[in-house]
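Here's a quick tour of how the pieces of this assembly sit against one another. Have the structure open while you read.

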Amino acid sequence: MNLNESLKKLRGLEYKNLYNNDFFLTWDKTQDELSAIFAVADALRSLRDNNISPKIFDSGLGISLFRDNSTRTRFSFASACNMLGLEVQDLDEGKSQIAHGETVKETANMISFMADVIGIRDDMYIGKGHTYQVNVAKYVEEGHKDGVLAQRPTIVNLQCDIDHPTQTMADMLHIIHEFGGVENLKGKKIAMTWAYSPSYGKPLSVPQGVIALMTRFGMDVALAHPEGYEVMSEVEEVARKHAVQYGGKFTRTNSMEEAFKDADIVYPKSWASFAAMEERTNLYGEGKFDDIKKLEKKLLKQNADYTDWACTEEMMKLTKDGKALYMHCLPADITGVSCETGEVDASVFDRYRIPLYKEASFKPYIIAAMIFLQKVKDPAETLQTILNRSQVRLFK
Amino acid sequence: MNLNESLKKLRGLEYKNLYNNDFFLTWDKTQDELSAIFAVADALRSLRDNNISPKIFDSGLGISLFRDNSTRTRFSFASACNMLGLEVQDLDEGKSQIAHGETVKETANMISFMADVIGIRDDMYIGKGHTYQVNVAKYVEEGHKDGVLAQRPTIVNLQCDIDHPTQTMADMLHIIHEFGGVENLKGKKIAMTWAYSPSYGKPLSVPQGVIALMTRFGMDVALAHPEGYEVMSEVEEVARKHAVQYGGKFTRTNSMEEAFKDADIVYPKSWASFAAMEERTNLYGEGKFDDIKKLEKKLLKQNADYTDWACTEEMMKLTKDGKALYMHCLPADITGVSCETGEVDASVFDRYRIPLYKEASFKPYIIAAMIFLQKVKDPAETLQTILNRSQVRLFK
Amino acid sequence: MNLNESLKKLRGLEYKNLYNNDFFLTWDKTQDELSAIFAVADALRSLRDNNISPKIFDSGLGISLFRDNSTRTRFSFASACNMLGLEVQDLDEGKSQIAHGETVKETANMISFMADVIGIRDDMYIGKGHTYQVNVAKYVEEGHKDGVLAQRPTIVNLQCDIDHPTQTMADMLHIIHEFGGVENLKGKKIAMTWAYSPSYGKPLSVPQGVIALMTRFGMDVALAHPEGYEVMSEVEEVARKHAVQYGGKFTRTNSMEEAFKDADIVYPKSWASFAAMEERTNLYGEGKFDDIKKLEKKLLKQNADYTDWACTEEMMKLTKDGKALYMHCLPADITGVSCETGEVDASVFDRYRIPLYKEASFKPYIIAAMIFLQKVKDPAETLQTILNRSQVRLFK
């Protein structure tokens with residue numbers, strides 16, 4: 001088993017700042033820290049595949065705080081918690097009276113008496129989601145210092161308005177496995193492109209997270225979208241900085257063709273423009289619901305101008321040997337299947353179904369690795385002990 | 001403790017095909033396989049009654065995929081999973097966007113990264129429920145073969161349009177215990193009869209499941225219903241075949257009295273006719289909601305012609321010594337209690353309350369036994385080890 | 001660690017009647033029994049704070065049966081169950097068809113096949129909540145005797161119409177810790193006072209529970225409320241009796257100032273009058289929904305006459321050295337924060353935020369202690385064994 005390999009990698013890295021800390025944005029973390037998460041994710045997968053339980057908690061709660069519904073993310077988080085021995089308790093808006101300000105502080109403490117980790121998904125409003133997560137972290141930190149909470153639950157960002165680290169880290173681990181190691185990524189071209197979808201207002205966190213993360217591995221990252229679909233300029237700045245720092249490349253274009261040209265990897269998906277989302281957030285804040293409806297109509301109309309931004313068989317031919325790795329965070333809008341005109345041709349999607357499902361399969365392990373590294377003081381030692389004790393997961 | 005007896009029974013049986021397989025319909029399984037499930041159910045109950053934990057999973061998920069609400073089934077499945085060490089994650093329509101076709105394949109994989117078992121209840125539409133379950137099984141089988149899923153979750157049918165195996169197997173185990181062993185069932189008469197209920201469209205899976213299963217134990221199975229309340233002819237065919245094969249008897253009558261006459265067991269409950277349910281399913285498919293309302297009215301009116309189909313004290317007198325075992329899958333429509341005119345007299349129901357609750361109590365153990373036999377390679381050996389280690393469930 | 005101290009306390013107490021019994025009302029229990037709960041709560045906290053798992057269940061279910069929503073209580077119960085090794089299954093009205101009479105008996109059994117404990121919250125209607133809990137207990141007791149249930153789940157009252165024992169016991173343990181021991185409470189004055197809130201119909205269980213419990217520890221309990229906001233006279237009677245029996249004092253006044261005067265502890269919160277709640281319950285029973293609306297309007301108008309009943313800085317100055325311990329069951333209606341005019345000044349609330357959160361932090365441990373003492377035959381011996389085995393909660 002390649003657990004020994006993962007362990008060896010881990011022993012060479014400096015990642016002690018992950019301990020007792022939160023995971024908000026990939027660019028808060030050092031290269032070694034991200035590598036440690038990949039190594040532990042691989043190690044956990046390898047343990048489980050060999051029917052060895054990586055359970056480190058005998059009891060404890062993992063709290064999922066979702067400000068919008070998501071089956072996939074909910075199951076990924078539940079899977080990660082279960083693997084490590086935490087029971088999940090869901091806190092959703094319907095069940096609680098959580099809100100902003102005063103109430104956040106109180107609720108954060110009230111739900112955390114036995115909480116080891118809190119997974120938060122809050123991606124709806126620009127400028128709110130990340131801030132909310134940081135606040136929850138601050139309040140439970142205070143609660144722990146003040147003697148209210150016996151342990152300090154750490155935060156895992158399960159998607160915010162700025163980044164979607166559990167998705168992009170899973171994407172990256174998938175790429176690493178597909179290309180046979182991080183050392184093979186130097187100079188590989190990835191096209192992160194906008195694609196048409198008949199729906200409206202998909203979050204920006206995936207494209208933003210991808211350009212910020214993939215530029216750290218020496219890759220040639222091409223961001224493409226129609227005019228008016230710009231992402232947050234701060235995150236573009238991060239991508240630009242990373243490209244320089246890590247010897248990669250970051251370009252932006254308004255041509256999908258240009259991005260697809262000779263790409264090793266393509267990641268075409270729909271998103272709303274940052275400016276439009278900002279406008280919507282402001283309108284919500286002002287309670288102008290009629291104006292929001294008008295905005296939505298305008299944006300859907302704007303979308304319809306770009307139905308040709310689709311990952312068709314024609315477009316795929318432009319990529320490296322016509323065989324770029326197609327990626328998506330799922331669910332995709334598949335032309336003729338889930339909608340009339342969408343992000344991707346059915347034949348393309350179908351050809352990449354297995355790699356797409358594998359891409360998704362890394363997410364529970366990425367989340368579990370984040371929790372593991374946040375809660376365990378000496379991860380390499382602990383993994384070694386887990387391997388030595390070899391407690392079976394399924395007794396048979 | 002009679003665990004040794006169960007173990008002895010188990011060792012004499014051939015049931016290896018249950019391993020890594022699904023449970024859809026009782027008639028997919030051999031006599032030995034059903035006997036193995038009964039033996040393991042008894043063994044698990046005996047272990048738990050003696051405060052010995054039968055836990056075989058250290059972690060892992062049991063997913064409940066319910067396409068309609070059900071407190072009882074949900075708790076039975078949760079109890080079975082918990083007993084074996086699996087944490088339950090509910091996937092209900094409200095929380096997910098699961099649908100037919102393309103999406104089923106994707107969702108089946110997305111929820112199964114850590115899933116050991118999926119319990120599915122989908123009994124609403126004729127010709128759909130069973131097919132849906134088979135498809136989910138096919139998709140996770142593919143997911144496992146393609147390397148997406150580390151383990152292949154197996155399916156337990158928690159009720160479909162054709163069969164309700166966890167109910168009828170619990171019913172059968174109850175009968176075995178009440179009559180002191182399967183060897184005493186030869187020639188015993190069971191009346192599976194329709195009964196009036198003021199509600200509409202109760203599933204056919206219970207009467208169908210009962211006639212298909214009880215004919216395998218040498219019993220004399222009498223199916224009775226008014227004209228127009230026929231069950232699926234394919235399942236009647238199965239019952240007829242079983243009666244011949246296993247030395248039992250299967251008759252059909254339009255007289256409740258005839259069925260009750262000298263019966264050792266009576267199982268009176270309401271159901272909708274197969275033809276009507278098929279019509280409703282087609283109307284749904286065509287989106288003809290006005291016609292569905294008309295159909296409902298027609299069916300309720302038709303029901304009202306048969307209010308005399310009730311398990312009254314008078315009717316009970318017709319049975320063997322007036323003391324037939326009264327059975328029901330619960331909840332029953334009790335005349336004067338839960339409705340004005342229903343399936344059963346309050347005094348009859350009340351006299352059989354304890355056996356009725358006991359009947360229900362077997363269900364968690366039947367479900368747990370199915371999971372146990374699906375996931376454990378050498379069940380007899382594993383049960384022996386569980387007995388030897390004698391880990392207490394409640395430490396006190 | 002002070003676990004040894006708790007154990008020593010426990011060994012001197014007589015509390016065997018808690019075993020296999022329910023917790024409905026604090027005044028059903030002896031002084032020793034309440035002290036045992038405090039001692040075990042402290043012991044469990046001390047174990048967990050030292051990363052020693054107090055898990056006593058290897059598997060089993062804790063059922064939460066909430067007849068109205070509550071994030072805080074739900075999380076407290078889930079935390080308590082998780083700490084001891086029970087998995088929580090929620091049964092809420094939406095998911096089930098539970099109702100009164102016949103159905104309660106059946107559902108109580110159907111959800112309890114693997115249940116070790118049932119936590120019930122039913123505080124909405126006067127004269128109903130407590131009765132409901134007693135009935136559930138009776139039905140599962142019967143189920144166990146009749147051989148339906150392998151174990152007899154015990155009941156924990158998570159709030160009823162009469163008492164809120166998990167809240168008031170947590171409050172009391174907080175007081176004990178703040179004042180350095182139960183021996184220091186003799187003669188200490190606690191003001192349980194009504195306070196204005198813009199909302200309507202808050203339950204009476206907290207003030208009732210507080211006057212009945214705090215009078216047992218030699219404290220000087222002053223109940224204050226405007227005319228028309230009387231609590232149940234039966235509970236006042238209990239408080240009066242306790243004051244005599246345990247050498248405390250119980251007074252009732254219509255002046256908030258009088259109650260606050262020289263108080264060591266103040267507990268100002270809103271509630272509806274018993275008479276009004278009784279009227280509402282009757283109107284519900286008769287289905288007179290228009291009259292209920294009229295009643296609500298009348299009561300809100302009545303409330304508005306007493307906006308000056310608030311825990312202001314001015315009022316706090318009346319207390320002992322101006323420094324009484326401010327208590328609340330949370331969430332509080334904070335003037336200028338969660339409402340325009342409420343129960344407490346923002347500056348007062350803010351000064352006591354940490355003690356308030358600590359007060360709440362005792363609740364999971366109180367619930368866990370109740371479960372522990374209900375399910376474990378020899379608690380002191382078991383705690384000693386838990387300490388000896390020293391199984392880590394988080395393996396790191």
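What follows goes from the chain-to-chain relation down to the domains and a pair of helices.

## How the chains are related

Keep in mind that this is a predicted model. Take chain B and chain C first: a turn of 120° with a shift of 0.0 Å along the axis lays chain B on chain C, with an RMSD of 0.0 Å. That's the relation of a three-fold axis. If you want a landmark in chain B, look for Glu87(B), whose C-alpha is the nearest to the axis at 4.6 Å.

Do the two copies touch through the same patch or through different surfaces? They use different surfaces, since just 3% of the contact residues of chain B recur in chain C.

## Where chain B meets chain C

At this interface, 30 residues of chain B are in contact with 28 residues of chain C. On the chain B side, helix H2 (31–49), helix H3 (71–84) and helix H14 (353–375) each put in at least two residues. H3(B) gives the largest share, with seven residues.

As for chemistry, the side of chain B that touches chain C is a mix: 13 nonpolar, nine polar and eight charged residues.

## Where chain A meets chain C

Now swing round to chain A, where 28 residues are in contact with 30 residues of chain C. Strand S2 (87–92) and helix H4 (102–110) of chain A each supply at least two residues of the side that touches chain C. Here the largest share comes from H4(A), with four residues.

Sorted by class, the side of chain A that touches chain C has 11 nonpolar, nine polar and eight charged residues.

## Two domains in chain A

Chain A splits into domain 1, made of residues 3–163 plus 362–389, and domain 2, residues 167–360. Measure between their C-alpha centres on screen and you should get 26 Å. Where the domains touch, domain 1 of chain A brings 20 residues and domain 2 of chain A brings 25 residues.

Which elements of domain 1 of chain A give two or more residues to the side that touches domain 2 of chain A? They are helix H2 (31–49), strand S4 (154–160) and helix H15 (363–375) of chain A. H2(A) has the largest share of that side, four residues. The residues of this domain 1 side divide into 10 nonpolar, four polar and six charged.

## A helix pair in chains B and C

In chain B, have a look at helix H7 (residues 205–214) and helix H8 (residues 233–245), which pack with their axes 7 Å apart at an angle of about 20°. Angles under 35 degrees count as roughly parallel, so H7(B) and H8(B) are roughly parallel to each other. Their crossing is left-handed. H7(B) uses Gln208(B), Ile211(B) and Ala212(B) to meet Val235(B), Glu236(B), Val238(B), Ala239(B) and His242(B) of H8(B). Five of the residues in this contact are nonpolar, two are polar and one is charged.

Over in chain C, the axes of helix H7 (residues 205–214) and helix H8 (residues 233–245) come within 7 Å and cross at roughly 20°. H7(C) and H8(C) are therefore roughly parallel to each other, and H7(C) passes H8(C) in a left-handed crossing. The residues to click on are Gln208(C), Ile211(C) and Ala212(C) of H7(C), together with Val235(C), Glu236(C), Val238(C), Ala239(C) and His242(C) of H8(C).

How values were computed
Residues are numbered from 1 along each chain as its sequence is written. Chains are lettered from A and ligands numbered from 1 in the order in which they are written. This is a predicted model: local features need pLDDT of at least 70, side-chain atom pairs count only at pLDDT 80 or more; totals for chains, interfaces and linings use all residues. Axes are lines fitted to C-alpha atoms, for helices over the stretch in contact, and angles run from 0 to 180 degrees between N-to-C directions. Angles under 35 degrees count as roughly parallel, over 145 as roughly antiparallel, 65 to 115 as roughly perpendicular and the rest as oblique. A crossing is left-handed if the near helix is turned anticlockwise from the far one by less than a right angle, and right-handed if clockwise. Two residues are in contact if their C-beta atoms, placed from the backbone, lie within 7 Å. Ala, Val, Leu, Ile, Met, Phe, Trp, Tyr, Cys and Pro count as nonpolar, Asp, Glu, Lys and Arg as charged, and the others, Gly among them, as polar. Copies are superposed by least squares on the C-alpha atoms of residues with pLDDT of at least 70 in both. Domain bounds come from an automatic or database domain assignment.
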